[in-house]
Amino acid sequence: MKRFMARSFMDLIWDYAVFVVFIIFSTLVPLWGRFFGKKEKTKADYVFGLGTISMGAMMLSIARGTLGVRSFLGYPSELFYRGSAMWETLYGMVTAYPVVCFIFIPVYFNLGVTSVYQYLDLRFNSRLVRCLASGTYIVRSLLNLGVTVYTPTVALNTVIGIPYWVSLIGISAISIGFNLLGGLKAAITADVIQGVTMILISLGIIIQAMVTVGGFDKIFTIPAEAGRLNFFNFTGDFTLRVDTTSAWLGQLFMSLSIFGCQQNFVQRYLSMSTFKEVRRTLMSNIPVVIVLFCLAWIVGMGVFSVYAACDPMQAGYINKMDEILPFFVEDKFSYLPGVLGIFMASLFNGALSLNVSNLNSLATVTWEDFLSHLPRFKGINDKQQLHVIKFIGSIYGVIVMGVGFSVGLLSGVIESSMLMTSATSGPLLGVFLLAMLVPIANWKGAACGMIVSHIITLWITFGSLTVSKEAILLPTTIEGCTNDTFSSGITKPTKSWLLTNTPLEVESEFSYFDTTPQTPATQGLGFPENLYSVSYMYYSLIGTFLTVAVGILVSMLTAHSDDAYDRKLLHPIAYHCSMIFPGKARRFITNPDIRPKDTEKAGVDQKKAPIEELERDNLGFDSVSQQSGVTVVSVDPIPPKPNEREVYRKRDIEAAH
C-alpha cells in the first residue's frame, strides 16, 4: 500500500478517532430534526424545506455548491504547478450571479414549479424539450457524482490506509440514509458543516505556512518571484489552455448553466419565500464566494512558499500534483495529532454532502419530468409522491456507487465525466435563453437547437482527443532539499498495482485540471484539426451559441399559432421589447394559475385546486395529465377579437376531423 509516512496504526490512532467522530457528528447533526424536530410531511417540505432554512445557511450552501471539492484540493495544486491563470475564472463566477438573479430567477418565481425543467414544458408545450434538458442533467450529474465520491477514497487510501471500496460504500450508504431521512434542509445543514470545516482547515494551513516561511508577506512574495502570480493575460489565442479571456467567458457560460439551469441550485432559490429574499441572498453571496475562492488559492500560495526550494513531486515523495495538499498536512501537522484525521474527514464529508444534495435534486427531476406522467402514477397523493422520490434517490445512490467503482477500474470514466460536463453546459443554457429571451422560439426550434448543439460540441470534444496540445507545468526545483525539509518519518512511496493504475483526479467538474503533460501541438493544422485545438474553456460558449442560433432559425421557419404561451413565461424585458418590434402582434394565452410566488403569504399552505387538462406534448399523442403545483390552461381555438392581445393555445382538434 502506498503511504506518505511509515507510521503504524498506533501512531495514527488519534487521526482515526477524529475521522470517525467527525463523520458521525456531521451525519447525525443534519438529521437531528428528523427525530426531534419538525418532520417533512409533504413533498414540498422535503424538496424545498419550506420556511426552515436561514439566509446564512442558504448562502454557505450555495457557495459550497459553487466551488465544490476542487476548491479544496484542485486550486492549491493548480497554483503550485501551473500558476494563477485559473484564478481568473472568478470573474466569470461573479459575473454570473447578477445575471442569474435578474434574468433567470424572476421567471422561475412566477411559476411555482418543483422541477426547473417543468418551465421548459410550460414555455414550449413540449415533453420532448423538457426530457432532453432533464435527461442531460441526470446523465451529467451521475457521471460527475461517481467521480466526486471516488475522489476522497483514493486520498484516504493513500494517506491513512482505508481501502477505497470501504470509503466508497460508506459514502454511498450514508448518502442513501440522508436521502431517506432528510430533505433539502438536511442537505444544506451538511453543506454548512462541511463549509465551516474547510474554512477552518484552510486558515490552519495558511497559518502553518506563515510560521514555516517566517511571515505572512512571504506567502505572497515567494510565489510572485517564482512566476506563479500572472494576471490579465489577454493573448487572443483560442487554442491556449487558459488566458484571461477564456477564463472569464468560459466560466461565465459554465456558471450560468450551473447556477441558472441546474436543479440543485434552482431548488435552493425556490425554497425561499420571496424574490427579494432570493436577490438579497444571491447578491450577498458574491463576497462570500470571492473570499472562499481566494482562500483556496492563498492556501496554494502558502504550500508553494513552503516547498518552493524542494518540490515533493519532483523529489519523488508524491506521484501526482493533486497529492500536494494532503502531503503538506501530513508533513507539517505531524506534531498535532488528529489534524490529519479531520482533514481526511472533511474530504469524505465533502463528497458526502455534494452527493446528498444532488441525490435530492436528481430524484425530484426524475419524478417530476419522467415518472409523474406515467399512467401508473396518476392520481397518487402527496405522501405517496414523497415516498417515490425518496426511493428514486436511493436507487441513484446505488448507481453513483457503481459509477464510483467503475472509475476505480476504468480511468476513461473520469475523462468521460469531464467531457460530458463541458459538452452539455452550452445546450442546457442555450435552451433556457431561448425560452426566456426569444419570444418567437418554439418547441421545434428548441429541440433542434439542443440536438444540433449536443452533436457538434460532442464531436469537437472527442475530436480534441486526437490533437496533441501543449500543457506544460511551471518549473520547480529540488536544489533546496535537505534532511530537515520534511518531517521525520516521511518516506518515498511504494507502489501498488491499484494506485499505479488509478488516477487521483479531484477536479471532476472541469477538464482543465488534466495533469498529464502533453507534447506541443503541430503548427499549421487544417480543418477540422484547428477546430479540435480550440480550448475546452470555450465549449460552453460554443454550445450556447449553436443552440440559440439554430433554435431561432428553425422557430422562424416553423412558426405556428399553436406556439402561443403565457407571457409570464418570458422575461419581462424580452416581453416589452417584443411589443415595440414591427410586424404582426404576438398573441399570448392567459394562464390564471401562474402568479408571482412572493404575492402569497409566507408560511401559509396554499393548495391549488387540481384541474385536469388536455395537454399536447408534441410527441405525436395527447394525454390527460396533472402537473404538480402548476396548472396549464388550454382554451378552445376561438378567434381573437380585433385589437386584443389575448392569446390562445390550440388543441389538436383539426386532427380529429
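Modeller: Before we begin, a residue counts as buried when its relative accessible area is under 20%, as exposed when that value is over 50%, and as partly exposed in between. The structure we are discussing is a predicted model.

Biologist: Is Lys568 buried, partly exposed or exposed?

Modeller: The relative accessibility of Lys568 is 28%, and buried would require a value under 20% while exposed would require one over 50%. Because the value of 28% lies in between, Lys568 counts as partly exposed.

Biologist: With which residue does the side chain of Lys568 meet in a salt bridge, and is that partner buried or exposed?

Modeller: In general, side chains of opposite charge can pair when their charged atoms come close. Here the side chain of Lys568 meets that of Asp566, at 4.0 Å from N to O. The relative accessible area of Asp566 is 3%, so the partner, Asp566, is buried.

Biologist: Which residues are joined into one network by salt bridges that share partners?

Modeller: A search of the whole structure finds 5 salt bridges. One of them links Arg130 with Asp121, whose closest N and O atoms are 3.0 Å apart, and both Arg130 and Asp121 are buried. Through shared partners, the network is made of Asp121, Arg127, Arg130 and Asp369.

Biologist: How far apart are the closest N and O atoms in the salt bridge of Asp331 with Lys332?

Modeller: Both partners are buried, since the relative accessible area is 0% for Asp331 and 14% for Lys332. To count as a salt bridge, the nitrogen must be within 4 Å of a carboxyl oxygen. For Asp331 and Lys332 the closest N and O atoms are apart by 3.5 Å.

Biologist: Which residue is joined to Cys310 by a disulfide?

Modeller: A disulfide is a covalent bond between the sulfur atoms of two cysteines, and this structure holds 1 disulfide. Cys310 itself is buried, with a relative accessible area of 2%, whereas its partner counts as partly exposed at 30% relative accessibility. The distance from S to S is 1.8 Å, and the partner is Cys481.

Biologist: How many residues apart in sequence are the parts that this pair ties together?

Modeller: The torsion about the S-S bond of Cys310 and Cys481 is about 95 degrees, so the disulfide is right-handed. Cys310 lies in the loop between α13 (275-307) and α14 (324-332), while Cys481 lies in the loop between α18 (443-463) and α19 (497-500). The pair therefore ties together parts whose separation in sequence is 171 residues.

Biologist: Which element gives the most residues to the largest nonpolar core?

Modeller: The largest nonpolar core has 136 residues, and those with the most contacts inside it include Phe104, Tyr108 and Phe432. With 17 residues, the element that gives the most to this core is α13.

Biologist: Leaving aside its neighbours within four places in sequence, which residues is Phe104 in contact with?

Modeller: Phe104 is among the residues with the most contacts inside the largest nonpolar core. Leaving aside neighbours within four places in sequence, its contacts are Val99, Leu256, Gly260, Cys261, Leu429, Phe432, Leu433 and Met436.

Biologist: Where is the place of Gln262, and is Gln262 buried or exposed?

Modeller: The place of Gln262 is in the loop between α11 (244-261) and α12 (263-270). Leaving aside neighbours within four places in sequence, Gln262 is in contact with Tyr117, Tyr137, Arg140 and Ser257. Because its relative accessible area is 9%, this loop residue is buried.

Terms used. Residues are numbered from 1 along each chain as its sequence is written. This is a predicted model: local features need pLDDT of at least 70, side-chain atom pairs count only at pLDDT 80 or more; totals for chains, interfaces and linings use all residues. Side-chain values use heavy atoms; hydrogens and water are left out. A disulfide is a pair of cysteine sulfur atoms within 2.5 Å. Helices (H or I, at least four residues) and strands (E, at least two) are DSSP runs, numbered from the N terminus. Buried means under 20% relative accessible area, exposed over 50%, partly exposed in between (1.4 Å probe, protein chains only). A nonpolar core is a set of buried Ala, Val, Leu, Ile, Met, Phe, Trp, Tyr and Cys residues joined through side-chain atoms within 4.5 Å. Contact means heavy atoms within 4.5 Å.
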